[in-house]
Amino acid sequence: MAFKLPDLNYGYSDLEPFIDAKTMEIHHSKHHAGYTNNLNNAIEGTSFEEMDIIDLLKSMDMNNATIRNNGGGFYNHSLFWSIIGPNKGGSPIGDLSDEINKCFGSFDSFKELFSKAAASRFGSGWAWLCVKNDGVLEVCSSANQDNPLMPNIGSGGTPILGIDVWEHAYYLKYQNRRPEYISAFFNIIDWDSVDKIYKEVTG
Ligand code: MN3
């Protein structure tokens with residue numbers, strides 16, 4: 001069974017002015033489609049074809065650069081599209097809001113920590129809000145298309161929110177001003193969706 005490029009629940013221009021339509025179009029229809037196709041080609045005829053993407057990432061060989069980069073790219077972007085949307089932003093809700101306050105002190109403290117992790121990741125990569133196995137929330141970042149589900153990346157948490165800080169995610173609009181893009185990202189976070197993923201992960 002091949003992995004499928006997910007459809008977006010919104011149009012390419014719907015995240016304006018925070019992310020421009022051209023960036024969205026290229027990012028989804030070229031970059032994410034590329035990772036998806038490359039992953040499917042790499043796993044054809046292997047036991048990975050029978051796995052879901054989370055099991056695949058958890059059990060992969062980190063020395064297999066093709067599966068590492070494209071499996072990560074497939075998963076990371078699928079999560080990314082699902083936790084952003086038009087007319088979103090604001091603050092976390094429900095149990096997740098309580099847990100963020102408990103683990104980071106306040107939403108503002110979390111925001112600062114997450115923004116710093118995203119801004120200070122050198123080169124291409126991602127910053128994450130993860131749920132660790134003990135249920136505690138953690139902010140971390142990873143290089144390239146790695147993520148904390150992979151063996152020996154971070155402390156092995158499950159991401160519930162992530163920001164893509166590859167230049168392809170923001171360069172057309174923000175050029176070298178990554179912090180501005182990170183700040184704008186908080187206006188499109190879909191906290192309902194993040195809370196839903198949080199509930200799935202924590203059971
Ligand atoms: Mn990307």
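## Close-up views of the predicted model

**View A. A buried histidine, His 77, at the manganese site.** His 77 has a relative accessible area of 0%, so this residue counts as buried. The model shown here and in the other views is predicted. Four residues coordinate the manganese ion: His 27 (NE2), His 77 (NE2), Asp 164 (OD) and His 168 (NE2). Their distances to the ion are 1.9 to 2.2 Å. Along the sequence, the spacing of these donors reads H-x49-H-x86-D-x3-H. His 77 and His 168 link distant parts of the chain, 91 residues apart. His 77 belongs to helix H3 (residues 65–82). His 168 sits in the loop between strand S3 (158–164) and helix H6 (171–174). His 168 is buried as well, at 18% relative accessible area.

**View B. The hairpin of strands S1 and S2.** Strand S1 (residues 125–131) pairs with strand S2 (residues 137–143). The sense is antiparallel, and there are 7 bridges. Between the two strands lie 5 residues. Gly 135, in the turn, has a positive phi of about 90°. Cys 130 faces Glu 138 of S2 across the pair. In a regular strand, side chains alternate between the two faces of the sheet.

**View C. Cysteines without a disulfide.** A search of the whole structure gives 0 disulfides. Why is there no bond from Cys 140 to Cys 130? The two sulfurs are 4.2 Å apart, too far for a bond, since a disulfide needs sulfur atoms within 2.5 Å. Cys 130 is the closest cysteine to Cys 140, sulfur to sulfur. Cys 140 is buried, at 13% relative accessibility. For Cys 103, the closest cysteine sulfur is again that of Cys 130, but at 12 Å, also too far for a bond. Cys 103 is partly exposed, with a relative accessible area of 27%.

**View D. The two sides of helix H4.** Which residues of H4 are buried? They are Leu 96, Ser 97, Glu 99, Ile 100 and Phe 104. These residues span an arc of only 165° around the axis, so they lie on the same side of H4. Asp 98 and Lys 102, on the other side, are exposed. The buried residues pack against helix H5 (107–120), S1, S2, S3 and helix H8 (191–202). After H4 comes Gly 105, with a positive phi near 100°.

**View E. Lys 88 and its contacts far along the chain.** Lys 88 is in the loop between H3 and helix H4 (94–104). Its relative accessibility is 38%, so Lys 88 counts as partly exposed. The C-alpha atoms of Lys 88 and Ile 188 are 4.8 Å apart, although 100 residues separate the two along the chain. Leaving aside residues up to four places away in sequence, Lys 88 touches Asn 187, Ile 188, Ile 189 and Asp 190.

**View F. Aromatic pairs around helix H5.** The structure has 15 aromatic pairs. One of them, Phe 107 with Trp 191, is edge-to-face. The ring centres are 5.7 Å apart, with 85° between the planes. Phe 107 is in helix H5 and Trp 191 in helix H8, so the pair ties together parts 84 residues apart in sequence. Both are buried: Phe 107 at 15% and Trp 191 at 3%. Phe 110 and Phe 114 form a tilted pair, because their planes meet at 35° with centres 5.6 Å apart. Both lie in H5, 4 residues apart, about one turn of the helix. Phe 110 has 0% relative accessible area, and Phe 114 has 0% too. Ring pairs join these four residues into a cluster with others, including Trp 81, Phe 104, Trp 126 and Phe 186.

Conventions. Residues are numbered from 1 along each chain as its sequence is written. This is a predicted model: local features need pLDDT of at least 70, side-chain atom pairs count only at pLDDT 80 or more; totals for chains, interfaces and linings use all residues. Side-chain values use heavy atoms; hydrogens and water are left out. Donors are N, O and S atoms within 2.8 Å of the metal (3.2 Å for Na, K and Ca); water is not among the atoms, so sites may look incomplete. Buried means under 20% relative accessible area, exposed over 50%, partly exposed in between (1.4 Å probe, protein chains only). Two strands pair if DSSP finds at least two bridges between them. Contact means heavy atoms within 4.5 Å. The arc is that of the directions from the helix axis to the C-beta atoms. Rings of Phe, Tyr and Trp (its six-membered ring) pair if their centres lie within 6.5 Å; planes under 30 degrees apart count as stacked, over 60 as edge-to-face and the rest as tilted.
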